[in-house]
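Biologist: Could you take a close look at a single part of this structure and then relate it to what surrounds it? A connected account for a first-year student would be welcome.

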Amino acid sequence: MLRTISVRPSPTGEVDSAYARWRLLASVLISTIGGVGMWSIAVVLPTLQADFGVSRADVSLAYTAVMFGAVFGGPAMGWLSDRLGIIAAVVAGAVMLALGLALASQAATIWQFTLIHGLLIGVGTSASFGPIIADISLWFEQRRGVAVAIAACGSYLAGTVWPLVIQPLSQSVGWRHAYLGIAVFCLCSMLPLLFALRRRLPQERRARPGQSDLSHAKVAGGAGNRLQLLLMLAGVSCCVAMAMPQVHIVAYCTDLGYGPARGAEMLSLMFGTGIISRIGFGWIADRIGPTPALLVSSSLQAVSLLAYFGANGLTSLYAVTAVFGLVQGGIVPTYALIVRECYPPSEAGTRVGLVLSSTLAGMAIGGWMSGAIFDATLSYRAAFLNGFAWNLLNTTIALWLLFRLPRLKTRAAGVSPASLS
């Protein structure tokens, strides 16, 4: 039987406090640095293809390995964070990330390179994504949407900053030396930032499983498990669509004759405008709710994917890429907000980790799928259409959640919907 309780505010005042904001800043920096594992391959993809002498699909498989490593690493790191605290998860992730980057710089074959990315870099970088977002969701109530969105901006800041670092660095010293230097930087910068995360929530705020930190009802039992799976499917579908521009924009620009430097600039632009999108949609979610915000962002992403068909010139590509970034960023943070509305805080790390890992699975599948479609058709047009089809599935799920999620939460509270009318 589901119980709901109302917990008094923390006597220390740490939730929604100045310390919580400092913790948020440190979390964004950790996420930005750790996010290099997700975006390094996208920048050097054409160079890797030439260096290893493989197909576009084969080299895209290394990106897929990173994402699948993060898929399995996210829930594991979230579970570790729930049990031992966020520091244990981030320390483990930082060490694996740095070791993986160093070993990848010495890889002799594409399969060694791919295996290292999956087992070490992917798992390591996952600690700076889902667990960080789940942890921050526990420290804010009044502006949770904005706080979670800012924390989620770490991965976009990584996508904004790292391409501008990796592209010229790899061009001047080679991608192998660039990887090795980044490995040293990650280890030396991430670990000191953990001092800002040492404080833990008071025990009364870490409610036991089956209890709530607020008066809102939590969805549990079979309905809770089905909702979890549905959110994971939504995560996969939105990010298969998202992966086409994110993973292949550098290669796309190279194929069009604009060169990898222009592609890296567009990737940076995409994530730069994505930061605006994430914070903006966090603000929107605080006002209209995360589910309506998910539906709006998903619908706009579908439209922007189709806009790439009319963008073949350099100026139009920059414009469409900026628009795509402005609308795509609102999707992923809404999943974490929905989880926090529907499940107890003691399960936040694991459940948010599962949902956000599914988004990485979508990126992994979409990144490889787009490369395979390109190899089969020698064009990215079919790959854009494939992304649009997956986006429609995500929009359909968002629409279903908009109408059915309130009923699930009402049933969890043990209240008949008819009594509310």
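Modeller: The sulfur of Cys188 lies 9.5 Å from the closest cysteine sulfur, that of Cys186, which is too far for a bond. Viewed from the other side, Cys186 has its closest cysteine sulfur in Cys188, again at 9.5 Å and too far for a bond. A disulfide is a covalent bond between the sulfur atoms of two cysteines; the search counts a pair of cysteine sulfur atoms within 2.5 Å, and it finds 0 disulfides in the whole structure. The two cysteines also differ in their surroundings: Cys188 counts as exposed at 57% relative accessibility, whereas Cys186 is buried at 0%. Here buried means under 20% relative accessible area, exposed over 50%, and partly exposed in between (1.4 Å probe, protein chains only).

The model is predicted, so local features need a pLDDT of at least 70 and side-chain atom pairs a pLDDT of 80 or more, while totals for chains, interfaces and linings use all residues. Residues are numbered from 1 along each chain as its sequence is written, and side-chain values use heavy atoms, with hydrogens and water left out.

Helix 8 (175-193) has a part in a nonpolar patch on the surface: this helix and helix 4 (86-104) each supply at least two of the patch residues. Helices are DSSP runs (H or I, at least four residues; strands are E, at least two), numbered from the N terminus. The patch consists of Val91, Val95, Leu187 and Leu191, which together have about 260 Å² of accessible area. Patch residues have over 30% relative accessible area and no salt bridge; nonpolar side chains are joined within 5 Å and like charges within 9 Å. Areas come from the Shrake-Rupley method with a 1.4 Å probe. One member of the patch, Val95, lies in helix 4 and counts as partly exposed because its relative accessibility is 42%.

Helix 8 also takes part in a salt bridge, defined as a side-chain nitrogen of Lys or Arg within 4 Å of a carboxyl oxygen of Asp or Glu. Arg176 pairs with Asp51, and their closest N and O atoms are 3.8 Å apart. Since Arg176 belongs to helix 8 and Asp51 to helix 2 (residues 36-52), this pair ties together parts that are 125 residues apart in sequence. Arg176 is partly exposed at 28%, and Asp51 is likewise partly exposed, at 41%.

The structure holds 3 salt bridges. Another joins Asp135 to Arg23, with 3.0 Å between the closest N and O atoms. Asp135 sits in helix 6 and Arg23 in helix 1 (residues 18-34), so their bridge ties together parts that are 112 residues apart in sequence. Asp135 is buried, with a relative accessible area of 9%, and Arg23 is buried at 2%. Once neighbours within four places in sequence are set aside, Asp135 is in contact with Arg23 and Ile86, where contact means heavy atoms within 4.5 Å. A further bridge links Glu265 and Arg262, at 3.3 Å from N to O. These two residues are 3 positions apart in helix 10 (residues 260-288) and are therefore separated by about one helical turn.

The interior can be described next. A nonpolar core is a set of buried Ala, Val, Leu, Ile, Met, Phe, Trp, Tyr and Cys residues joined through side-chain atoms within 4.5 Å. The largest one has 122 residues, of which Leu101, Phe113, Ile249 and Met363 touch the most other members. Helix 9 gives the largest share of this core, 17 residues. Apart from it lies another core, of 5 residues, including Met77, Leu80, Val123 and Ala127. Helix 9 (residues 221-255) also contains Gln228, which is buried because its relative accessibility is 5%. Beyond its neighbours within four places in sequence, Gln228 is in contact with Tyr343, Arg351, Leu354 and Val355.

These details belong to a protein chain with 15 helices and 0 strands. Of its 421 residues, 59% count as buried. Among contacts in the chain with a separation of 6 or more, 85% are between residues 24 or more positions apart. The chain exposes about 15,800 Å², of which carbon and sulfur atoms supply 68%.
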